2 protein chains.
Amino acid sequence: MDAPRIESTLVSVDVLTLRFDARARTVLLGVAPRALDPFAGEPALPGVLLGRGERLRDAGIRAVTGKLGVAERAVTATGQLTTFDEPSRDPRGPTLSIALWATVDPALLDDGPTWAPLDGVPHLAFDHDRIVADCRPMLADRLWRDAAFTAGLLGREFTTAQALDVTESLTGDRPYPANLGRTMDRVPGLERTAQHAAALPKGGRPPLVWRWTRDEAAQGSVGR
Amino acid sequence: MDAPRIESTLVSVDVLTLRFDARARTVLLGVAPRALDPFAGEPALPGVLLGRGERLRDAGIRAVTGKLGVAERAVTATGQLTTFDEPSRDPRGPTLSIALWATVDPALLDDGPTWAPLDGVPHLAFDHDRIVADCRPMLADRLWRDAAFTAGLLGREFTTAQALDVTESLTGDRPYPANLGRTMDRVPGLERTAQHAAALPKGGRPPLVWRWTRDEAAQGSVGR
DNA sequence: ACAATAGTGTCTCTTAGACATTATCAG
DNA sequence: CTGATAATGTCTAAGAGACACTATTGT
């Protein structure tokens, strides 16, 4: 390697980990208290330094598994958001932060990490408040337009009611069911089945089931 | 700095530099033959290694001024696209490439660099063919939605005909003038004036002039 | 029957797309 | 006047948004 070393910039990967809590009917963001200084004990996005030759996706999974305690197989999809480059964003020295998103399957979760509702994320270490604020519209924009993201968040099968809940969590307002149904009808690879899920314990008409025809999970393109 | 050095990944910045050629009625991409190995002599996107603590925008300007010979004040706007992380994309070793866009004012250009029409970019060094292919839709998507990008490309004032040319170059098909006019009417900060520009030497009705009310150039947000 | 939840038909308004027509220049 | 270029009125189709109404459950 003939390239400079000392002068090269460090690269970290910070992950906005999303999980849909069907019972609470909201999308949660994974945050973990920092183990080390700086900001020891304060909540932060899970992040790691990118290893030499490491893929962004691999580093992201390393962050999510290591700092959130999520099993690797629970990570259903990942993708890239944007890069933050303020030299002073890390007190240890100039460090690039490449923000990624990841979706996890709630069924495969151990307990332990902290999950905060997307509205109501606590104050975070570093510039992570800004990262969350800047990236939130990008996440909302991905819903129903990025199949890997949507499938990763909602799972292989889901009901119309869950789709409504996720949409409300991400975009901030709840669509009319008929309109969301039309939107979903136009999503490639998503199919409206004739099945109905079980009704809620409180009663009410059982909701319809939607299913991905292709395997939309396990894509999570990073870097294209 | 307590962070690892040898193991840190190198970061380069590669710039898709766009310039509108009003006479040729197309958008051109700046490419420069590489001075050094690898790929010496082959055309490539202008790129530099990111310095420690350097902002992405500054590195991008360094690449454009250094490798394309464009004056710094000719760079009207810059922004971020996406990051490419294949470890083998640079034969010298694993190097991240953060793709940026930059727009330059054609009036402030020296000659020398090579400009290729967006359709008809030659084969480029490294994985730059793929970078161009992947980023082109992102550029088309920015037009009329990112005021800094659009103003950077078209300048402070421009005609409807030029807007049609730029749209055709970026998106691949030419909108109907009436429809593009309605699109532009809805762009915040863009105003339809009553002035007409000079007609072409060949004759024809003189086109209308559009003007940015706010100073939309010189924004070029990178990293937000 | 009633409360709770979900699905659907349909009306309106906005936007996108497509032309045909009209307007203004040089020669 | 003719050829060239540009602007605009308008028709149609598609999509977004908003409700009202119907359907299916548990108690």
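In this predicted model, the side chain of A:Arg186 places an N or O atom 2.5 Å from a phosphate oxygen of DNA strand D. Chain B makes contacts of this kind too. A polar side-chain atom of B:Arg192 lies 2.9 Å from a phosphate oxygen of the strand. For B:Lys202, an N or O atom of the side chain is 2.9 Å from a phosphate oxygen of DNA strand D.

These three residues are among the closest of the 22 that surround DNA strand D. A:Gly204 and B:Leu208 are also in that closest group. Of the strand atoms that come within 4 Å of the protein, 61% belong to sugar and phosphate. By class, the surface near DNA strand D comprises 10 nonpolar, six polar and six charged residues. Helix α5 (177-185) of chain A supplies at least two residues to this surface, as do α4 (160-171) and α5 (177-185) of chain B. The top contributor is α5(A), with three residues.

The protein interior was examined next. The largest nonpolar core holds 46 residues. Within this core, A:Val64, A:Val70 and B:Val70 touch the most other members. Both chains contribute. Elements β1 (10-21), β2 (26-33), α1 (56-68) and β6 (95-104) of chain A each give two or more residues, and so do β1 (10-21), β2 (26-33), α1 (56-68) and β6 (95-104) of chain B. Beyond its neighbours within four places in sequence, B:Val70 contacts B:Val64, B:Thr65, B:Val75, B:Val104, B:Leu109 and B:Trp115. A second core is separate and has 36 residues. Its members include B:Trp101, B:Leu124, B:Trp144 and B:Ala147.

Terms used. Residues are numbered from 1 along each chain as its sequence is written. Chains are lettered from A and ligands numbered from 1 in the order in which they are written. This is a predicted model: local features need pLDDT of at least 70, side-chain atom pairs count only at pLDDT 80 or more; totals for chains, interfaces and linings use all residues. Side-chain values use heavy atoms; hydrogens and water are left out. A residue is near a molecule or strand if one of its heavy atoms lies within 4 Å of it. A polar contact is a pair of N or O atoms within 3.5 Å; within protein, one must be able to donate a hydrogen and the other to accept it, and residues adjacent in sequence count only if both atoms are side-chain atoms. Helices (H or I, at least four residues) and strands (E, at least two) are DSSP runs, numbered from the N terminus. Ala, Val, Leu, Ile, Met, Phe, Trp, Tyr, Cys and Pro count as nonpolar, Asp, Glu, Lys and Arg as charged, and the others, Gly among them, as polar. A nonpolar core is a set of buried Ala, Val, Leu, Ile, Met, Phe, Trp, Tyr and Cys residues joined through side-chain atoms within 4.5 Å. Buried means under 20% relative accessible area, exposed over 50%, partly exposed in between (1.4 Å probe, protein chains only). Contact means heavy atoms within 4.5 Å.
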